[in-house]
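Please look at the chain shown here before reading on, first as a whole and then in its details. The report below is meant to be read alongside the picture.

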Amino acid sequence: LSAVGGPSMDPTVSAADSTAQQGSLFSMMDVFLISLITGLFTYWFFFRKKKEEVPDLPKIQTVAAPARDSSFIEKMKKTGRNIVVFYGSQTGTAEEFANRLSKDAHRYGLRGMAADPEEYDLSDLSRLSEIDKSLAVFCMATYGEGDPTDNAQDFYDWLQEADADLSGLRFAVFGLGNKTYEHFNAMGKYVDKRLEELGAQRIFELGLGDDDGNLEEDFITWREQFWPAVCEHFGVEATGEESSIRQYELVVHTDVNMNKVYTGEMGRLKSYENQKPPFDAKNPFLARVTENRKLNEGGERHLMHLELDISNSKIRYESGDHVAVYPANDSSLVNQIGEILGTDLDTVMSLNNLDEESNKKHPFPCPTSYRTALTYYLDITNPPRTNVLYELAQYATDAGEQERLRKMASSAAEGKALYLSWVVEARRNILAILQDMPSLRPPIDHLCELLPRLQARYYSIASSSKVHPNSIHICAVTVEYETKTGRLNKGVATNWLKNKVPEQNGSSSLVPMYVRKSQFRLPFKPSTPVIMIGPGTGIAPFIGFIQERAWLKQQGKEVGETVLYYGCRREHEDYLYREELARFQKEGVLTQLNVAFSRDQAEKVYVQHLLKKNKEHVWKLLNEGMAHIYVCGDARNMARDVQNTFYEIVSEFGSMSQPQAVDYVKKLMTKGRYSLDVWS
């Protein structure tokens, strides 16, 4: 204390000294105050005038300017557009369709632009009538269980809350969905219905594309009727045949600083070298592979368990979430494309949008090399869509091959059938098409412009963050099959993951990833019973669920019945996580383990057969225990068969008619007691 107080606290200072000090202190204070008042008055007198003479308008304008960017109306007026095509896209297909529709517009003397609803203020839809011959088209994909795609979430929320008057708006909707899912095309249907409720005028009927059938054909069929309806409504005519118009121009960089060249990053340049959270689709985290083991004992397939280290990433996940992984194409496929087209794949280039007003400056991160683009940014393994074939046709020097390509891209029945058999069913990717059409040798830059983006792959997380906070586990099966042309096609992501070995010779295997939240959640109360149905790799989220229930039990919580229905082909071939499940059962966490081996006997046995066998217990858990049901795996057959089995059980033990039983199960879904995590 004495050190802090110093001499001023010394009791030996006399009263006279103290008075003298106070006098000098006051005189100094007076001088200081007079100086301060004079200074303030001088400042106010001179600078007040300056403020009056120099208005602050320029400053206000620069602050306000970015707000105008969110107005698609201003952009349309500025660039002379009258058709805007919004897309809700998770895998890139809806965006692709939107681009095709916006390019179509020029044939009718109209000008279109494709737009991401996430980038604009959609309340401006009420002002679209300010533009002559204006139209809003919506290409809306449905994701998961009837949900909007990530980029359309804000638009969906706005539609739900809006009471805007859209009476001057003309619109049309094309939905992208899959009939194997419970909520087929829910987003497309909702947007179409809601816009009409808000007073907008539908100028063409809702299109419903089915990815379980032939989505491309559904789109072409809708599109060929959509444009005549637009022409009739606006009194315009087609100005000519569909023509090939380049959207991007090629710039080759001969003298470039390699530090400015993208090498596979999804967003920010050098983001893989200098990682910064938060991590998401545009900024994935490079996770180190710490384990990669084969799960099955035999059989032709390769089923694997991978562990990704997320230490120091600040990534948080819950049991039931999905991990998104950005894969890379097989280098041998990339090299073959380069050889066929006679290209130096290490050429550094940029594809720059010819429309300078477009928000999308490049089709993928630029500048980059052709090798990087074909490896990390472009989808080279899926059969190309008809618009790609149409654009490529001009480069076929053989008249027969050119005609064949144009026919497959046409809307004629014969052309559609040819495209279906020769491209879709034969699973011909771009490399196979180039191999089977020797005269087709397009410039590689135009090919790169036309190919769709390589998308992230989603996997149900096979771990609990309560047990593994710094690790995310994946359970996957490698995809490999022979096509009708005798070629061996391999799944991009699963074969890439298969080769990701943990640290070897000091080098790590890295996987660009991020977490996508899901609605697939354990009940809030641990005491609530759960019935989990997940054959094959559908077991993944349930490994996480069981781990979490075991952890809760260790914390002294009361944990309800935990029942698993699992299925595989053969007990001694592909019984996944056998030891782990046996341990959980022994510990009493997994109260019932029911396994269906479909091929170990003459008659095939599936999970739904075991549900029927235990129907009394299932109903008791459902009716008395208020159990939650979870289904994960194949949507096309398994999920549907399981749902039908629940209809039968509910009908029998609940003494209900079939329609009542269906309604009962649908209500369970609405209440979040029947959850699905399925794929087709």
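What follows describes the whole chain, then one helix and its surroundings, and lastly two cysteines.

The model is a predicted one, and its chain contains 22 helices and 23 strands. Of the 680 residues in the chain, 49% are buried, while the surface that the chain exposes comes to about 33200 Å², with carbon and sulfur atoms supplying 51% of that area. When contacts between residues at least 6 apart in sequence are considered, 76% of them join residues that are at least 24 apart.

Helix H13, which spans residues 413–425, offers a closer view of burial, for its buried residues are Gly415, Lys416, Leu418, Tyr419, Trp422 and Val423. In an α-helix there are 3.6 residues a turn, so residues three or four places apart point the same way. The cover over the buried residues of H13 includes the four helices listed in this table.

| Helix | Residues |
|---|---|
| H8 | 215–234 |
| H11 | 386–393 |
| H12 | 399–408 |
| H14 | 430–436 |

Just after H13, the backbone at Arg427 adopts a positive phi of about 50°.

Turning to the cysteines, Cys231 counts as buried because its relative accessibility is 12%, which lies under the 20% cut-off. Cys568 also counts as buried, because its relative accessibility is 8% and the cut-off is again 20%. With a disulfide taken as a pair of cysteine sulfur atoms within 2.5 Å, the count comes to zero disulfides.

Technical notes. Residues numbered from 1 in each chain as written. Predicted model: local features only at pLDDT ≥ 70, side-chain atom pairs only at ≥ 80, totals over all residues. Heavy atoms only, no water. Buried < 20%, exposed > 50% of the residue type's maximum accessible area, 1.4 Å probe, protein only. Helix = DSSP H or I, 4+ residues; strand = E, 2+ residues; numbered from the N terminus. Contact = heavy atoms within 4.5 Å. Areas by Shrake-Rupley, 256 points an atom, 1.4 Å probe, with all protein chains shown as cover.
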